[in-house]
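Colleague: Could we go through this model together? I have some questions about its parts and its ligands.

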Amino acid sequence: MKVDVVLGLQWGDEGKGKIVDVLTPQYDVVARFQGGPNAGHSLEFNRIKHVLHSIPSGIFHDNQVNVIGNGVVIDPVIFKKEADAIYSLGVDLKKKLLISRKAHLILPSHRILDAASEAAKGVTKIGSTLKGIGPTYMDKTGRNGLRVGDILLPDFREKYNHLTQKHRDLLRIYDYSYNIEEHEEQWFAGIEEMRGYTITDTEYELNRFLQEGRKVLAEGAQGTMLDIDFGSYPFVTSSNTISAGACTGLGIAPGRLGEIFGVFKAYCTRVGAGPFPSELKDETGNFLREKGHEYGATTGRPRRCGWLDLVALKYAILINGATQLFMTKADVLSDLDTIKVCIGYWYNGKLIEQLPYDLGEITAPEYVSLKGWKKDISSIDGASAMPAELKAYIRFIEEETGVPVKLVSLGPDRTQILFR
Ligand code: GDP
Ligand code: IMO
Ligand code: MG
């Protein structure tokens with residue numbers, strides 16, 4: 001059996017949560033492989049919207065095992081809140097969720113370090129979600145981190161105190177006032193909650209599932225343009241968001257990867273700082289933000305909006321080896337006469353079709369214009385019922401990228417989806 005992967009091809013918030021929820025019935029296991037509660041994955045059914053941060057988006061189906069893999073970083077406070085909310089909906093989370101022993105813990109002091117580091121950067125700040133992601137992954141790669149498996153060891157408190165003291169020493173370099181103690185009670189309550197779950201070597205479990213012929217879907221967070229290696233560095237997150245991250249974040253061998261489902265919005269958004277070549281700081285940008293409800297699922301910040309960027313999309317397809325494309329939020333473009341697509345960048349006086357080292361040096365995007373469909377498509381039934389202009393938009397993307405668009409999402413609800 002192979003592991004199929006759902007991941008974002010843009011700057012995050014492509015609609016991964018909804019897609020994972022829709023695909024879950026076809027799988028036995030859903031596993032998150034990287035990131036932490038910087039993610040906000042929304043899904044909607046029975047007119048209720050759910051936003052998940054650490055728990056995989058397969059959790060609302062009855063028969064699937066959900067896994068938080070070793071590549072994920074977990075904040076026990078956010079985990080407990082999320083778990084309580086899911087329990088209140090009648091989902092027996094403890095029965096359905098496995099947590100990797102090797103996943104790293106976000107400490108209260110990691111969040112403080114994140115905030116102190118961002119404050120010190122001033123205008124050059126990343127626009128982090130302030131969830132402590134960067135400092136936690138720094139401790140992981142710096143070999144100082146606390147892992148979920150540690151919470152079951154007798155000297156956990158000592159380990160916690162040791163790392164927190166290290167952070168206090170580090171915080172001296174910042175002119176930043178903080179209070180770690182005020183967060184500790186809740187944090188340890190979260191740790192207590194986590195002790196009630198199955199904490200295990202999920203790499204063994206996942207490989208055993210595969211050997212038994214069970215189907216695994218890996219769920220990525222953030223997007224390719226936020227990848228630590230290939231994103232718009234330094235305006236990125238601190239993990240590998242790409243398909244290779246599913247291997248390292250779950251303990252799956254590369255040869256085990258099957259379909260790579262690349263999710264992209266029919267336009268682009270970005271939340272936080274950093275270059276965004278096709279950004280629209282005009283009426284059309286505002287239109288996309290309001291019609292698409294483009295406000296962060298984690299922080300509530302307005303998302304920056306712009307036209308679809310095919311240069312960035314092709315790059316993301318290349319790095320991930322995307323085998324199928326899933327386009328979301330096509331319905332948001334419905335009222336527009338003309339839809340533009342970025343096909344190149346003006347850079348040092350030349351038109352280029354490759355991502356330059358510094359995206360910030362791009363002077364202007366080059367666009368082609370396509371005709372809009374000007375029809376409500378949110379409840380159309382079947383791919384053949386799509387307006388001709390939408391079909392042409394999809395065909396253009398397929399011709400440019402060489403990858404088929406196999407799924408089109410037409411609204412936030414589970415049912416608003418077309419398979420092609
Ligand atoms: P994720 O982080 O990739 O899971 O995406 P988010 O949940 O942060 O953001 C996607 C937003 O768009 C959420 O509010 C979804 O409910 C919503 N959404 C997903 N697919 C569609 C769609 O096809 N059309 C519309 N209008 N909204 C969608
Ligand atoms: P999902 O999984 C959109 C952005 C932040 C910031 C940068 C670094 O919902 O798609 P971090 O907190 O990771 O240090 O922030 O990355 N960012 C996201 N943007 N969607 C996300 O997740 C994001 N997670 C982080 O806004 O610019
Ligand atoms: Mg999101």
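**Working through the model**

Colleague: Where is Asp21 found?
Modeller: Asp21 is found in helix α1. Helices (H or I, at least four residues) and strands (E, at least two) are DSSP runs, numbered from the N terminus. The model is predicted, so local features need pLDDT of at least 70 and side-chain atom pairs count only at pLDDT 80 or more, while totals for chains, interfaces and linings use all residues. Residues are numbered from 1 along each chain as its sequence is written, chains are lettered from A and ligands numbered from 1 in the order in which they are written, and side-chain values use heavy atoms, with hydrogens and water left out.

Colleague: Is Asp21 buried or exposed?
Modeller: Asp21 counts as buried, at 1% relative accessibility. Buried means under 20% relative accessible area, exposed over 50%, and partly exposed in between (1.4 Å probe, protein chains only).

Colleague: Which residues does Asp21 touch?
Modeller: Not counting residues up to four places away in sequence, Asp21 touches Leu43, Phe45, Ser57, His61 and Arg414. Contact here means heavy atoms within 4.5 Å.

Colleague: And how many residues of α1 are buried?
Modeller: Eight of the eight residues of α1 are buried, so the helix is largely enclosed by the rest of the structure. Among them are Lys16, Gly17 and Lys18.

Colleague: Lys16 brings me to the ligands. Which residues are closest to ligand 2?
Modeller: The closest are Lys16, His41, Thr129, Gln222 and Thr237, out of 21 residues that surround ligand 2. A residue counts as near a molecule or strand if one of its heavy atoms lies within 4 Å of it. The side chain of Lys16 has an N or O atom 2.7 Å from an oxygen atom of ligand 2. For the side chain of Thr129, the distance from an N or O atom to an oxygen atom of ligand 2 is 2.6 Å. Gly40 takes part through a backbone N or O atom, 2.9 Å from an oxygen atom of ligand 2.

Colleague: Which residues are closest to ligand 1?
Modeller: Ligand 1 is surrounded by 20 residues, the closest being Lys16, Gly40, Ser42, Asp331 and Ser409. In the side chain of Ser409, an N or O atom is 2.5 Å from an oxygen atom of ligand 1. An N or O atom in the side chain of Lys49 is 2.9 Å from an oxygen atom of ligand 1, and a backbone N or O atom of Lys329 lies 2.9 Å from an oxygen atom of this ligand.

Colleague: What are the protein donors of the magnesium ion?
Modeller: They are Asp13 (OD) and Gly40 (O), lying 2.0 to 2.2 Å from the ion, which is ligand 3. This pair links distant parts of the chain, 27 residues apart: Asp13 is in the loop between β1 (3-8) and α1 (16-23), and Gly40 is in the loop between β2 (29-32) and β3 (41-45). Donors are N, O and S atoms within 2.8 Å of the metal (3.2 Å for Na, K and Ca); water is not among the atoms, so sites may look incomplete. Asp13 is partly exposed, with a relative accessible area of 21%, whereas Gly40 counts as buried at 13% relative accessibility.

Colleague: Changing topic, what is the strand order in the sheet of 10 strands?
Modeller: The order is β9-β7-β5-β2-β10-β1-β11-β15-β19-β20, in an open sheet with mixed pairing. Its edge strands, β9 (198-200) and β20 (417-419), each pair on one side only. On average, neighbouring strands of this sheet are turned by 20° against each other, direction ignored. Two strands pair if DSSP finds at least two bridges between them.

Colleague: Which helix packs on the sheet and touches β1?
Modeller: Helix α9 (residues 243-250) does, touching β1, β2, β10 (216-219) and β11 (257-265), and its direction makes about 125° with that of β11. Axes are lines fitted to C-alpha atoms, for helices over the stretch in contact, and angles run from 0 to 180 degrees between N-to-C directions. Helix α12 (residues 388-401) lies across β11, β15 and β19, at about 145° to β15.

Colleague: How many bridges join β15 to β19?
Modeller: Three bridges join β15 (residues 324-328) to β19 (residues 405-409), and the two strands run parallel. Met327 stands opposite Val408 in β19.

Colleague: Last one: what is the phi of Asn46?
Modeller: Asn46 has a positive phi of about 50° although it is not a glycine. Its place is in the loop between β3 and β4, and Asn46 counts as exposed at 66% relative accessibility.

How values were computed
A polar contact is a pair of N or O atoms within 3.5 Å; within protein, one must be able to donate a hydrogen and the other to accept it, and residues adjacent in sequence count only if both atoms are side-chain atoms.
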